[in-house]
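Q: Could you take a close look at one part of this model for me? I'd like to go through the salt bridges.

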Amino acid sequence: MGSDPQYAKWPLLPLAQHVFTLTNPYATRPAQQAAVKNLQDAIAEHKMAPFYRYLAHPTEGVLNSVGEGSSNTAVAGKLGRKSSIAAGMIATHNPTTSLSLPWDENLYQQLQADNEKELEEFQKEEDEAVEKAGDTEIQAAKGKRAEFWARVGDKEKAIAAHQDLLEKTGILGTKIDLVLAIIRLGLFFGDKQLVQKTVERAKSLIESGGDWDRRNRLKAYEGLHLLTVRNYSGAAPLLLDSLSTFTSYELCTYSSLVVYAVLAGSVSLKRVDFKSKVVDAPEIKAILGDGEDKLLALTGAISAGPGADASMQDANSAPVAARTGVVNLTTLGSSTEQPEAEMAVDFDPLAQLVSSLYNGRYKLFFQALALVEEQFLTQDRYLHEHKNWFIREMRLRAYQQLLQSYRVVGLDSMANDFGVTVDFLDRDLAKFIAAGRIPCTIDRVNGNGVIETNRPDDKNKQYQDVVRQGDQLITKLQKYGQAVRLRGSERA
């Protein structure tokens, strides 16, 4: 059993989501108003003078420059000039807001004074530790300073303080906790390069002897990072594995993890894996299932084996709350550090997306995809950047799934199955065919047209691969033989 996690509280990642909401053109006005209030409350409560200046300063504040209607180019220039830029914190496509975070000079000066007072106390504590105590007390004092900079939102000083602690710490568990804290700083400010570099560092530390809890926490961290860089195929297994052992509430809520895992699995997993890891997974059924399936999953009967059915005869008498699509996930985690309350989330669109895709109900699938875009993809800072790609890939997956079952399909019949017009389907398929993503042709010379699939001949392809690779091997062997003969003649 490893030691309890350290340095796991700061920064508060929900604040980055609030900043994103303010600049998100898809966010509702009530949501933006709530985001402003949450930011103001957090800045005042946690004395976040550097973060307040970064966001709301009249000339340097990123939020105010967006709110004043400056062009995207101008905003991008500002972001590029600031080393502590939160590129992943604001909406990347047409950032705009009708609300802004008001600048209060008196408040800023008061926050600064409070910050300086805290820093003086930290310095005094550190000096006393150097004079009267040992290395443990010195590190504890420096740890308070590192957490302070993460709390007030000064990226550069927070990273420097955590790196300094990391270099002087010999305990492996503490090293991993510090690296995870740096990853959260990178996620908070949208610094993908920092996160990538630090995730690799964390993996090397874990491999050198990290405990079970930190190993599982890193899965969620790495999965979320891969999601932000559009590596859904890499993120899916990590996020899905994290569902049953999730304790990283400092990273995201459990409901957010469910959304990320299901979306990543839906777009990237093969049909067999999609069935076992998403459609039939007990952790997913506990959230997306309905009626008896949900109750069985919540009680563990689904994964408990055949004998579990006998103890579930009264499942049909379950309360109505257990059968609704709105779920409060506060009690589903296993960590004692989970938040006191978590907002209820309507998972119905996500559940419909999964079931309709797997069962081939493509009209419902397109409707669910539109709802998922509206409710999840456009509202989440990690998903928003890649929403167009995700929707395109999900349409492609549905097209491929249907066409795999037929040699020839009528264009009007397929359009009817998907609930779209023939012209839309023609244009949409043409893009994927031209890109080589769907092996088929469309013939619209007669009538509404037909789609003829060109299934690749696997045996012929394997034969061609063997011939090509064999030619390459023979060429390499000939070059090697010539080199050996030359060396032999030189020795002679």
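How many salt bridges does a search of the whole structure find?

A: Keep in mind that this is a predicted model. A search of the whole structure turns up 22 salt bridges.

Let's start inside a helix. Glu200 pairs with Lys203, and their closest N and O atoms are 3.9 Å apart, which still makes the cut because the limit is 4 Å. Both residues sit in helix 10 (residues 192-207), three residues apart, or about one turn of the helix. Glu200 is partly exposed at a relative accessible area of 38%, and Lys203 is partly exposed too, at 29%.

Next up is Lys275 with Asp280, whose side chains meet in a salt bridge at 3.1 Å, N to O. Lys275 has 27% relative accessibility, so it counts as partly exposed, and Asp280 also lands in the partly exposed class with 30%.

Then there's Glu393 and Arg437, with side chains that meet at 3.0 Å, N to O. Glu393 is in helix 20 (residues 387-403), while Arg437 is in the loop between helix 22 (422-434) and strand 4 (440-443), so this pair ties together parts that are 44 residues apart in sequence. Glu393 counts as buried, with a relative accessibility of 13%, whereas Arg437 is partly exposed at 36%.

Finally, there's a network to look at: Asp177, Asp211, Arg214, Arg217 and Glu250 are joined into one by salt bridges that share partners.

Notes: Residues are numbered from 1 along each chain as its sequence is written. This is a predicted model: local features need pLDDT of at least 70, side-chain atom pairs count only at pLDDT 80 or more; totals for chains, interfaces and linings use all residues. Side-chain values use heavy atoms; hydrogens and water are left out. Helices (H or I, at least four residues) and strands (E, at least two) are DSSP runs, numbered from the N terminus. Buried means under 20% relative accessible area, exposed over 50%, partly exposed in between (1.4 Å probe, protein chains only).
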